[in-house]
Amino acid sequence: MAAEAVETLDGWYCLHDLRTIDWTSWKYASSEERESAIHEFKNLLTKWEAVENEENGSHVLYKVVGQKADLMFMFLRPTMNELTDIETEFNKSKFAEFLLPAHSYVSVVELSKYGPQHAEDDPRTQERLKPILPKWEHISFYPMNKSRDGEDNWYSVDFKDRAKLLYEHSKTGRKYAGNIKQIITGSFGFDDWEWGVTLFAHDPLQLKKIVYEMRFDEVSARFGEFGEFFVGNHLAKDDIDAYLHV
């Protein structure tokens, strides 16, 4: 008998957009070109801030640590078309001429109905499905799957057993309340992995601690498969001039 699929509540669509800066081209550009690019880029950020203030979407920008990329944007919007519009408008900007695509991930904010749930129209549920992203100091993003190997096949486990495993997993996460903000996005049919996990923290060590501790939960130890991790430090609009100064 096939295992029962879980229903999900789905909210805003999500795009993680990572770019590498061509620093050589940036340094050899004229000061007028750089100033124009920065000015246009900051105007885009202001436009995105206005959308967020109206609670019609959200965004954050981080400086990636390491050589996987330089910048990581995370966008949330009500429709997939709006994500495309953001990406296209940004790609047409002067600043984007100095950027190279590094990685992207497409998904949608997701809540699974494994345990007791608030009604979909409950304000608390809507706040989780359509979150305003925190501008905390540090971010960690990674994709993940549930295993389909042999006896450790998540998709053949009984619904009640899956619910119990996830409940135990959630108790670990609740220990980090106030130190970690977590956004789970589903990507079945949208990207190469099944979920995206985005963690925000004021202290980067909390990112390490929660991921490490959760590895010992049975649901991760038996069924968790993880992709690349991307970690970054918050880049506020007011700090962009200093970051891009040469």
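Hi everyone, let's start with a pocket: the second largest one here has a volume of about 160 Å³. Before I go on, please keep in mind that this is a predicted model.

So which residues line the second largest pocket? Going along the chain, they are L45, E49, E52, H59, V60, L61, K135, H234, L235, A236 and K237. Two elements, α2 and β2 (58-64), each give two or more residues to that lining. If you want to see how such a space is found, picture this: rolling a probe the size of a water molecule over the atoms shows where empty space is left.

Keep some of those lining residues in mind, because side chains of opposite charge can pair when their charged atoms come close. Take K237 and E49, which are both in the pocket lining. They form a salt bridge, and their closest N and O atoms are 3.0 Å apart. K237 lies in the loop between β11 and α8 (240-244), while E49 belongs to helix α2, so this pair ties together parts that are 188 residues apart in sequence. As for accessibility, K237 is partly exposed at 22%, and E49 is partly exposed too, at 29%.

E52 and K135 are also in the lining, and they make a salt bridge as well, with the closest N and O atoms 2.8 Å apart. Here E52 sits in helix α2 and K135 in the loop between α4 (123-129) and β5, 83 residues apart. Is E52 buried or exposed? E52 counts as buried, because its relative accessibility is 13% and the cut-off for buried is under 20%. Its partner K135, at 35%, is partly exposed.

How many salt bridges does a search of the whole structure find? The answer is 14. One more that I'd like to show you is K94 with E33, at 3.3 Å from N to O. This pair also links distant parts of the chain: K94 is in the loop between α3 (80-91) and β4 (99-112), E33 is in helix α2 (residues 31-53), and 61 residues separate them. K94 is partly exposed at 23% relative accessibility, and E33 is partly exposed at 31%. There is a small network here as well, since salt bridges with shared partners join E33, K94 and E97.

Now have a look at the loop between α2 and β2, where you'll find E55. Most residues other than glycine have a negative phi, and most peptide bonds are trans. E55 is not a glycine, yet its phi is positive, about 60 degrees. E55 is also exposed, with a relative accessible area of 58%.

Let's finish with helix α6, residues 204-214. Which of its residues are buried? They are Q206, L207, I210, V211 and M214. These five lie on the same side of α6, because they cover an arc of only 125 degrees around the axis. The general rule is handy here: an α-helix has 3.6 residues a turn, so residues three or four places apart point the same way. The face turned away from the buried side carries K208 and Y212, which are exposed. And what covers the buried residues? The cover includes β5 (138-146), α5 (159-174), β8 (180-186), β9 (195-201), α7 (218-223) and β11 (230-234). Finally, at the start of α6, a side-chain oxygen of D203 comes to within 3.0 Å of the backbone nitrogen of L205.

Thanks for listening!

Notes
Residues are numbered from 1 along each chain as its sequence is written. This is a predicted model: local features need pLDDT of at least 70, side-chain atom pairs count only at pLDDT 80 or more; totals for chains, interfaces and linings use all residues. Side-chain values use heavy atoms; hydrogens and water are left out. Buried means under 20% relative accessible area, exposed over 50%, partly exposed in between (1.4 Å probe, protein chains only). Helices (H or I, at least four residues) and strands (E, at least two) are DSSP runs, numbered from the N terminus. The arc is that of the directions from the helix axis to the C-beta atoms. Contact means heavy atoms within 4.5 Å. A polar contact is a pair of N or O atoms within 3.5 Å; within protein, one must be able to donate a hydrogen and the other to accept it, and residues adjacent in sequence count only if both atoms are side-chain atoms. A salt bridge is a side-chain nitrogen of Lys or Arg within 4 Å of a carboxyl oxygen of Asp or Glu. On a 1 Å grid over the protein atoms alone, a cavity is a set of points where a 1.4 Å probe fits but cannot get out, and a pocket is an open set with protein on both sides within 12 Å along at least five of seven lines; lining residues have an atom within 4 Å of a point. Grid points are joined across faces, edges and corners, and a volume is the space filled by probe spheres set on the points.
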